[in-house]
Amino acid sequence: MPALLKDKVAIVTGGGSGIGRATSQLFAREGARVVVADIDQEGALETVKMIADEGGEALFVKADVSSEEDVKHMIRHTVDTYGRLDVLFNNAGIGATAKATEATSEHWRKVLGVNLEGTFLGCKYAIPEMIRGGGGSIINMALSWPKSVSARPLPTVPASTEWWVLRRPWP
Ligand SMILES: NC(=O)c1ccc[n+]([C@@H]2O[C@H](COP(=O)([O-])OP(=O)(O)OC[C@H]3O[C@@H](n4cnc5c(N)ncnc54)[C@H](O)[C@@H]3O)[C@@H](O)[C@H]2O)c1
């Protein structure tokens, strides 16, 4: 079967661990050149090495997805290096198990910054490059936990922010 992402360029945020790492490897196996973006340099470089060891092509960009400057740089560096951008996986996400009554406002804002604003910023700066290249695909990671704010010890904050990613525009 032909590689599905031959000659494509993909960015995976949070590519230094877990789902982001596995997706980066999969994209590379399918022929993409992969930009592994993460705040965790060590984890991301490990992903890049795993891809290189399999004969794939990847590079690391240090980026905090909640920082507009970092996201702009992530997109710019990708296009400067590979000439185009075809796929963005907005995967980076954080959270911690906390009841609504115990979570702090500071933590709430931090999680919103990464899980929601990070997704917005990725789309904002990737879309113009994709249009320039004739099209592209954006995958936004979400969490379908139905309780947005709970008194129970569920991962209240990440669940509620990533749940909003799933919301369709009104009506
Ligand atoms: N694991 C699950 O069962 C599950 C289920 C549904 C959704 N999700 C979501 O999938 C995504 C990945 O989950 P995972 O289990 O692989 O998590 P993980 O913690 O293993 O990986 C997250 C990665 O994101 C990076 N990261 C954190 N903050 C960042 C930031 N500000 N900028 C850039 N990178 C940052 C981390 O360094 C890490 O490498 C998350 O958004 C998570 O909420 C996970």
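A crossover between two strands counts as right-handed if, with the strands pointing away from the viewer, the path from the first strand over the helix to the second runs clockwise. Keep that picture in mind as we walk through this predicted model, where strand 2, helix 2 (residues 41–53) and strand 3 make a β-α-β unit of the right-handed kind.

Let's stay with that unit for a moment. Strand 2 covers residues 33–38 and strand 3 covers residues 57–62, and the two pair in the parallel sense over six bridges. If you would like a specific place to look, pick Val 36, whose bridge partner in strand 3 is Phe 60.

Now step back to the whole chain. The protein has five helices and five strands, and reading along the sequence gives the pattern β-α-β-α-β-α-β-α-β-α. In general, strands of a sheet pair through backbone hydrogen bonds, either parallel or antiparallel. Here the five strands form an open sheet with parallel pairing, in the order 3-2-1-4-5. Strand 3 and strand 5 (137–140) are the edge strands, each pairing on one side only. From one strand to the next, the twist averages 15°.

Further into the sheet, strand 1 (residues 9–13) and strand 4 (residues 87–90) pair in the parallel sense over three bridges. Ile 11 is a handy landmark, with Leu 88 as its bridge partner in strand 4. Helix 1 packs on the sheet and touches strand 1, strand 2, strand 3 and strand 4, its direction making about 170° with that of strand 1. Helix 4 (residues 105–132) also packs on the sheet. This helix touches strand 1, strand 4 and strand 5, and its direction makes about 170° with that of strand 4.

How do these pieces add up over the chain? Among contacts between residues at least 6 apart in sequence, 66% join residues at least 24 apart. Of the 171 residues in the protein, 37% are buried.

Finally, turn to the ligand. There are 25 residues around the ligand, and those that come nearest are Gly 14, Ser 17, Gly 18, Ala 92 and Gly 93. Which helices each supply at least two residues of this shell? They are helix 1 (18–29) and helix 5 (156–166). Helix 1 gives the largest share, three residues, and this is the helix we met packing on the sheet. By chemical character, the shell divides into 10 nonpolar, 11 polar and four charged residues.

Key. Residues numbered from 1 in each chain as written. Predicted model: local features only at pLDDT ≥ 70, side-chain atom pairs only at ≥ 80, totals over all residues. Near = placed C-beta within 6 Å. Helix = DSSP H or I, 4+ residues; strand = E, 2+ residues; numbered from the N terminus. Nonpolar A, V, L, I, M, F, W, Y, C, P; charged D, E, K, R; others polar. Pairing = 2+ DSSP bridges. Axes fitted to C-alpha atoms, helices over the stretch in contact; angles between N-to-C directions. Contact = placed C-beta atoms within 7 Å. Buried ≥ 20, exposed ≤ 12 C-beta atoms within 10 Å, placed from the backbone.
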